[in-house]
Amino acid sequence: MRVEIRGFEPKDYPRIVEISNLLYAPHRWTEDEARYEDEHFDKKYFFRRWVAEDPASREVVAAGELNHMPWSYHPQKFWMDLQVHPDWQRRGIGQTMFDKLSAELQSQNAIVIRTSAQESKADSVRWIQRRGFVEKMRNWESHLDVSAVDVTKFAKREDVPAGIEIVTLKDEGAEDSECLRAVFDMVNEIGPDIPSPDVYTASTFDMFLSGIRSPDSLHEGYFLAKAGDRYVGISNLWRSEGSPDVLYQGLTGVLREYRGRGLAWALKMRTIAFARDRGYRQIRTWNNTMNRHILNINEALGFVKQPVWIIFQKDLAPGAPR
């Protein structure tokens, strides 16, 4: 089917959010969230989106975007997201959009492109593989029914060693630049230990701040382990306007020299108590399938694995330095 590809415009937000919510119904989001995310994607990085229109109705039927990956930044490596409205699939629209994205990648001298799909979405997986992508790694999506957790069973897991306390970002001062810089530094010290297809790189401090200041950020649900004046562990939660009874788990991590003392457990128990006390139904998280330590904790707590997400990669310049 013939469609017209054009650059994304602000008027397209309602439609691209609608398409996303149809394709990923469990993870609904809103126009406000989409706008905030776009507006605060640091201009240091490449980001561009296109839409496909039906020329007869002028209806947007698909969207495609390319962006650098700030968490593992390389100027010639990109992430791709391509979504076609369910009613318009199997008409060649995805291929037309992919051709547009491929032309842009060529103009950017790209050497790597990555994307992802849930293993349970067999048509999407086959579509990606037919275009030369190969599996790179896997991430479990897991959901926890907060009301089903037997907190008495894990009461001792809330204990922390002498000399360490658990505080929140709200306690510490979410507008305190010194505090935020210290948290940012801790996150970047933990980052290289998170399984990834590439070497970890710190995003900019401005992007970190945009997350902290997001309307979805919960400063009172942003838990930090503190040894003296030093932050040594983290487990944070985020809300969702599109799914108001659900919380999303951000990073749970502990500095290497403080591991093995139960801090990850203690931090996770705080997040569950926070969700329970405020009436949230569910906590959702993602973990790399190789991250056995945090998976052990989540499995013990009762997180239920959903269909795994596969990260695919296509090498565009064989033999190029990686």
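**Exercise 1. The second largest pocket**

Task: Work out how the lining residues of the second largest pocket divide into nonpolar, polar and charged.

Solution.
- Step 1. Sort the lining by residue class. Six residues are nonpolar, none is polar and seven are charged.
- Step 2. Go to the centre. The lining has 13 residues, and the closest to the pocket centre are F8, Y13, D38, F47 and R49.
- Step 3. Assign the lining to elements. Helix α2 (31-39) and strand β2 (47-53) each give at least two residues.
- Step 4. Add the volume, about 230 Å³. The model is predicted, and totals for linings use all residues.

**Exercise 2. A salt bridge between distant parts**

Task: Find the partner of D198 in a salt bridge, and say where both residues lie.

Solution.
- Step 1. Identify the pair. D198 bridges to R114, with the closest N and O atoms 2.8 Å apart.
- Step 2. Place both residues. D198 is in the loop between α6 (177-190) and α7 (205-212), while R114 is in strand β5 (residues 112-118). They are 84 residues apart, so the pair links distant parts of the chain.- Step 3. Check burial. D198 and R114 are both buried.

**Exercise 3. Two more salt bridges**

Task: Compare the setting of the R281 and D245 pair with that of the R276 and D277 pair.

Solution.
- Step 1. Take R281 and D245. Their closest N and O atoms are 2.7 Å apart.
- Step 2. Locate them. R281 sits in the loop between α8 (263-277) and β11 (282-288), and D245 in the loop between β9 (230-239) and β10 (246-254), so the bridge ties together parts 36 residues apart in sequence.
- Step 3. Read the accessibility. R281 has 39% relative accessibility, so it counts as partly exposed. D245 has 32%, so it is partly exposed too.
- Step 4. Turn to R276 and D277. Their side chains meet in a salt bridge at 3.6 Å, N to O.
- Step 5. Classify each partner. R276 is partly exposed because its relative accessibility is 37%. D277 is exposed because its value, 56%, is over the 50% cut-off.
- Step 6. Look at a network. Salt bridges with shared partners join R2, E4, R6, E9, K11, D12, E53 and R58. The structure holds 27 salt bridges.

**Exercise 4. T252 in its surroundings**

Task: Decide whether T252 is buried or exposed, and list its contacts.

Solution.
- Step 1. Place the residue. T252 lies in strand β10.
- Step 2. Apply the cut-off. T252 has a relative accessible area of 17%, and buried means under 20%, so T252 is buried.
- Step 3. Find the polar partner. The T252 side chain makes a polar contact with the side chain of Q249 at 3.3 Å.
- Step 4. List the other contacts. Leaving out residues up to four places away in sequence, T252 touches I234, S235, A264, K268 and I294.

**Exercise 5. Helix α7**

Task: Determine how many residues of α7 are buried, and what they pack against.

Solution.
- Step 1. Count. Six of the eight residues of α7 are buried, and the helix is mostly covered.
- Step 2. Name the buried residues: F205, M207, F208, L209, S210 and I212.
- Step 3. Trace the packing. These buried residues pack against α2, α5 (169-172), α6, β8 (217-227) and β9.

**Exercise 6. An exposed loop residue**

Task: Explain why D87 is classed as exposed, and where D87 lies.

Solution.
- Step 1. Locate D87. It is in the loop between β4 (77-84) and α3 (93-107).
- Step 2. Compare with the cut-off. D87 has a relative accessible area of 54%, and exposed means over 50%, so D87 is exposed.
- Step 3. Check a spacing. D87 and V61 are 26 residues apart along the chain, and their C-alpha atoms are separated by 8.4 Å.

Notes: Residues are numbered from 1 along each chain as its sequence is written. This is a predicted model: local features need pLDDT of at least 70, side-chain atom pairs count only at pLDDT 80 or more; totals for chains, interfaces and linings use all residues. Side-chain values use heavy atoms; hydrogens and water are left out. Helices (H or I, at least four residues) and strands (E, at least two) are DSSP runs, numbered from the N terminus. Buried means under 20% relative accessible area, exposed over 50%, partly exposed in between (1.4 Å probe, protein chains only). A salt bridge is a side-chain nitrogen of Lys or Arg within 4 Å of a carboxyl oxygen of Asp or Glu. A polar contact is a pair of N or O atoms within 3.5 Å; within protein, one must be able to donate a hydrogen and the other to accept it, and residues adjacent in sequence count only if both atoms are side-chain atoms. Contact means heavy atoms within 4.5 Å. On a 1 Å grid over the protein atoms alone, a cavity is a set of points where a 1.4 Å probe fits but cannot get out, and a pocket is an open set with protein on both sides within 12 Å along at least five of seven lines; lining residues have an atom within 4 Å of a point. Grid points are joined across faces, edges and corners, and a volume is the space filled by probe spheres set on the points. Ala, Val, Leu, Ile, Met, Phe, Trp, Tyr, Cys and Pro count as nonpolar, Asp, Glu, Lys and Arg as charged, and the others, Gly among them, as polar.
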